[in-house]
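Biologist: I'm new to this one, so could you walk me through it? Short answers are fine, as long as you show me how you get there.

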Amino acid sequence: MNTTEPTRLTPKQYKSDIKPVWCKGCGDFSVIAAITRGLSQLQLPRENVAFVSGIGCSSRIPAYSAVYGFHGVHGRALPIATGLKLARPELTVLVAGGDGDGFSIGGNHFMHSCRRNVDLTYVVMDNSVYGMTKGQASPTTASDWTGSKLTPEGPGMPPFRPLEIALSAGANFISRATANDPNGMAEQIVEAIRHPGFSLVHVLCPCVTYRPEQQELFKARAHADWQSTTERAEAMHRLADDDGYTTGILYQGDRPAFMPPAEPRATLEQIETEFRI
Ligand code: SF4
């Protein structure tokens with residue numbers, strides 16, 4: 001009889017040996033720590049996990065993990081991940097990016113990924129700034145932020161509210177974490193991966209270089225008040241009162257994850273015939 005205990009993969013074994021180029025103190029370090037902790041907790045075989053990203057500081061994250069990765073183009077992480085999940089449904093597909101990548105150029109994909117409800121886990125590192133391109137206002141920047149020379153009087157428009165959009169558009173799991181609490185974030189990531197359909201984990205993630213005030217601000221203002229609800233109306237009600245710093249799992253819905261039929265309805269030849277002119 002074989003009494004050897006199966007070897008458990010540690011969080012470190014989900015990390016690659018590439019050293020992150022992020023600025024010292026960047027919140028993204030917490031996120032890679034939480035993700036690898038979550039993967040270790042789930043003991044997912046590394047060859048069965050794929051990590052897709054777009055462009056930006058946070059989108060470098062697949063290179064720092066030891067699972068399969070794809071560093072895509074700006075704003076297009078979600079359609080790439082959707083195609084991958086539909087073609088290889090047995091994989092656990094994680095998607096990562098920032099507020100600029102995900103909610104600006106990728107905003108349309110974000111909305112429709114929520115609506116489609118393909119089984120993906122999307123971790124958004126939100127620092128309300130374009131860090132990689134040296135500190136411009138992003139879709140989640142407050143209207144009166146004057147930190148960029150491009151918008152010296154502030155962007156002048158209210159910030160995008162990603163959780164409200166996600167809930168309205170049909171996301172099946174919605175939570176918010178902070179980089180100050182990697183353990184809490186890891187728990188949310190585990191639940192997000194376990195939950196079927198499209199999951200959004202929104203992370204308040206300081207950019208120490210272009211938004212240095214965020215470190216203290218997130219620490220001081222974050223409050224863990226959400227207990228998960230399965231009622232959309234209740235979740236929407238909570239979001240109406242949200243100050244942007246409430247953390248926890250907000251919503252776990254019961255929509256079945258979208259998957260196309262196993263057998264294609266038409267052959268490639270039939271499709272070509274249909275479109276021939
Ligand atoms: Fe992180 Fe900001 Fe540095 Fe980018 S610029 S690595 S977001 S601290």
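Modeller: Sure, and keep in mind that this is a predicted model. Ask away.

Biologist: Let's begin with Phe 198: is Phe 198 buried or exposed?

Modeller: The cut-off for buried is under 20% relative accessible area. Phe 198 has a value of 0%, so Phe 198 is buried.

Biologist: And which aromatic residue does Phe 198 pair with, and is that pair stacked, edge-to-face or tilted?

Modeller: Planes under 30 degrees apart would be stacked and over 60 edge-to-face, with the rest tilted. Phe 198 and Tyr 122 sit 6.2 Å apart, centre to centre, with 50° between the planes. The partner is Tyr 122, and the pair is tilted.

Biologist: How many residues apart in sequence are the parts that this pair ties together?

Modeller: Tyr 122 belongs to strand S4 (residues 121–126). Phe 198 sits in the loop between helix H6 (182–194) and strand S6 (199–204). Tyr 122 is also buried, at 2% relative accessible area. The pair therefore ties together parts that are 76 residues apart.

Biologist: Which residues form the aromatic cluster?

Modeller: We've already met two members, Tyr 122 and Phe 198. The full cluster is Phe 103, Phe 110, Tyr 122, Phe 160 and Phe 198.

Biologist: How many aromatic pairs are there, and what is the geometry of Trp 22 with Tyr 64?

Modeller: The structure holds seven aromatic pairs. In one of them, Trp 22 and Tyr 64 lie 4.9 Å apart between centres, with their planes at 85°. Over 60 degrees counts as edge-to-face, so the geometry of Trp 22 with Tyr 64 is edge-to-face.

Biologist: Where along the chain do Trp 22 and Tyr 64 sit, and how many residues apart are they?

Modeller: Both Trp 22 and Tyr 64 are buried. Trp 22 is in the segment before helix H1 (28–42), while Tyr 64 is in the loop between strand S1 (49–53) and strand S2 (68–71). That links distant parts of the chain, 42 residues apart.

Biologist: Phe 110 was in that cluster. Which residues of H4 are buried, and why do they line one face of the helix?

Modeller: The buried residues are Gly 107, Phe 110, Ser 113 and Cys 114. An α-helix has 3.6 residues a turn, so residues three or four places apart point the same way. Looking down the axis of H4, the buried residues line one face because they fall within an arc of 125°.

Biologist: What do those buried residues of H4 pack against, and at what angle does H4 meet H2?

Modeller: Their partners are H2, helix H3 (99–105), S4, helix H5 (162–169) and S6. With H2, the contact uses Leu 78, Pro 79 and Thr 82 from H2, and His 109, Phe 110 and Ser 113 from H4. By type, these residues divide into three nonpolar, three polar and no charged. Helix H2 (residues 77–87) and helix H4 (residues 107–116) have axes 8 Å apart, at an angle of about 35°.

Biologist: On to the strands. In what order do they run in the open sheet, and which are the edge strands?

Modeller: Eight strands make up the open sheet, with mixed pairing, in the order S2-S1-S3-S4-S6-S5-S8-S7. Neighbouring strands are turned by 20° against each other on average, direction ignored. An edge strand pairs on one side only, and here these are S2 and S7 (223–226).

Biologist: In which sense do S5 and S8 pair, and what is the bridge partner of Ile 174 in S8?

Modeller: Strand S5 (residues 173–178) and strand S8 (residues 246–252) share four bridges, and they pair in the antiparallel sense. For Ile 174, the bridge partner in S8 is Tyr 251.

Biologist: Gly 97 is in strand S3. Which residues is Gly 97 in contact with, leaving aside its neighbours within four places in sequence?

Modeller: Gly 97 counts as buried, at 0% relative accessibility. Tyr 122 turns up again among its contacts. The whole list is Ser 58, Ser 59, Tyr 122, Val 123, Val 124 and Met 125.

Biologist: Last one: is Ser 128 buried or exposed?

Modeller: Ser 128 lies in the loop between S4 and H5, and its phi is positive, near 55°. Its relative accessibility is 14%, and under 20% counts as buried. So Ser 128 is buried.

Key: Residues are numbered from 1 along each chain as its sequence is written. This is a predicted model: local features need pLDDT of at least 70, side-chain atom pairs count only at pLDDT 80 or more; totals for chains, interfaces and linings use all residues. Side-chain values use heavy atoms; hydrogens and water are left out. Rings of Phe, Tyr and Trp (its six-membered ring) pair if their centres lie within 6.5 Å; planes under 30 degrees apart count as stacked, over 60 as edge-to-face and the rest as tilted. Helices (H or I, at least four residues) and strands (E, at least two) are DSSP runs, numbered from the N terminus. Buried means under 20% relative accessible area, exposed over 50%, partly exposed in between (1.4 Å probe, protein chains only). Two strands pair if DSSP finds at least two bridges between them. Axes are lines fitted to C-alpha atoms, for helices over the stretch in contact, and angles run from 0 to 180 degrees between N-to-C directions. Contact means heavy atoms within 4.5 Å. Ala, Val, Leu, Ile, Met, Phe, Trp, Tyr, Cys and Pro count as nonpolar, Asp, Glu, Lys and Arg as charged, and the others, Gly among them, as polar. The arc is that of the directions from the helix axis to the C-beta atoms.
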